[in-house]
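Reader: I am new to protein structures and would like to learn how to read one. Could you walk me through it?

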Amino acid sequence: MDKTELMFKELTEAKGISGFEDEVADLMASYVSDVATVTHDNLGSLVAEKKGKSESPRVMIAGHMDEIGFMVKNVTKEGFIKFLPIGGWWGHVALAQRVLVRTRKGDYVGVIGSKAPHILKPDERKKVLEISDMYIDVGAAGKFDVKKSLGVRPGDPIVPISDFTMLGNKKTYAAKAWDDRIGVATVIDVLHKIGKTHPNTVYGVGTVQEEVGLRGARTSSNLVDPDVAFAVDVTIATDTPGCDGAGEDLGAGAGIMVLDGSAIPSRRLRDFVIDVAEKEKIPYVLTALSRGGTDSGTIQFNKSGVPCLTFVVPSRYIHAHVGIIHRKDYDSLVKLMTAVVKRLDAKTVRSFVRG
Ligand SMILES: [Zn+2]
């Protein structure tokens, strides 16, 4: 594994569902504290300030630290854990997966269970099972007291278990939480690659609680007060069987989002970014996703408005225990964002808004 792959492994295996991002924040801080000054907002988002040749413009680059997961709702008298989804889950991909239940006494492995298909009625078998009909089995049996012995309480976070794995095609990686640790990785790398002479001050931000409503983006952008901002997130790769292929293929390059469910990027900023990609000969794809939001959707509303754009890395099987990304898309994106940030002087940033 090279340095980047080791970072991917650490970041994706870190446990941090929405509202419980501390482990990811500590890791991110350890990666950026050599080049930036780290602070936090009061919800927990990490803000890494890196001064260049000028105090302004203030450039915000944000990846969200949280991943989707679950939370303990209650424990049945037999010791099975009923749970709530944190972020968007689809019943199909949750069943029979391993999870880690994190209690005040420790971390315990559980398996997501349900009634066996053999005993479902024929019409029940055709439907997607609801999360609310599932439970987590941590080995409940006989007199074993799950609540007392394992300390399980409502509100305890539950994290998917999935190891970082390099696939046979060595340019592709499988892991949980690419959404959005790949964004966090991008922020870390860009902070290092921009050097010392960028004509601005850059704020590398790891936001919290994106998956439950872009919450950390609000408080962190209040703190940073950016003149221009970029969110980095994943998009859905559409190059697999049954997809229409109208999105981004794995390995096609850096993704520039021209629309998502929460934001239409600043037109001038978008054209500027495309020009930089063309000039630098960096492979890129223009991509749109009408459903789902990104942190740009919140950051754009800070004060009287902020020109925003979302960069994306395509991932297969997002919002599941394991997704797949391509190294070339990541490398292209880091290159493009570095080239963009280095060009963001006061005059250029002013040109993104109507004077
Ligand atoms: Zn995301």
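Author: Happily! Let us start with an idea we need for helices: an axis is a line fitted to C-alpha atoms, for helices over the stretch in contact, and angles between N-to-C directions run from 0 to 180 degrees. Keep in mind that this is a predicted model.

Reader: How do I describe two helices that pack together?

Author: Two packed helices are described by the angle between their axes and the distance between the axes. Here, take helix α1 (residues 3–13) and helix α6 (residues 178–193): their axes come within 9 Å and cross at roughly 135 degrees. The two helices are therefore oblique to each other, and α1 passes α6 in a right-handed crossing.

Reader: Which residues make the contact of α1 and α6?

Author: From α1 come Met7, Phe8, Leu11 and Thr12, and from α6 come Trp178, Arg181, Val184 and Ala185. Sorted by character, the residues of this contact are 6 nonpolar, 1 polar and 1 charged.

Reader: And how do I read a sheet?

Author: Strands of a sheet pair through backbone hydrogen bonds, either parallel or antiparallel. In this model, 3 strands form an open sheet in the order β10-β11-β17, with antiparallel pairing. β10 (165–166) and β17 (323–326) each have a single partner strand, so they stand at the edges and one side of each is left without a neighbour in the sheet.

Reader: How many bridges join β10 to β11?

Author: There are 2 bridges between β10 and β11 (residues 172–175). Look for Thr165, which stands opposite Ala174 in β11.

Reader: What about the domains?

Author: The protein chain is divided into domain 1 (3–67 + 176–350) and domain 2 (70–160). Their centres, taken over C-alpha atoms, are separated by 33 Å.

Definitions and conventions:
Residues numbered from 1 in each chain as written. Predicted model: local features only at pLDDT ≥ 70, side-chain atom pairs only at ≥ 80, totals over all residues. Pairing = 2+ DSSP bridges. Helix = DSSP H or I, 4+ residues; strand = E, 2+ residues; numbered from the N terminus. Parallel < 35°, antiparallel > 145°, perpendicular 65-115°, else oblique. Left-handed = near helix turned anticlockwise from the far one by under 90°. Contact = placed C-beta atoms within 7 Å. Nonpolar A, V, L, I, M, F, W, Y, C, P; charged D, E, K, R; others polar. Domains from an automatic or database assignment.
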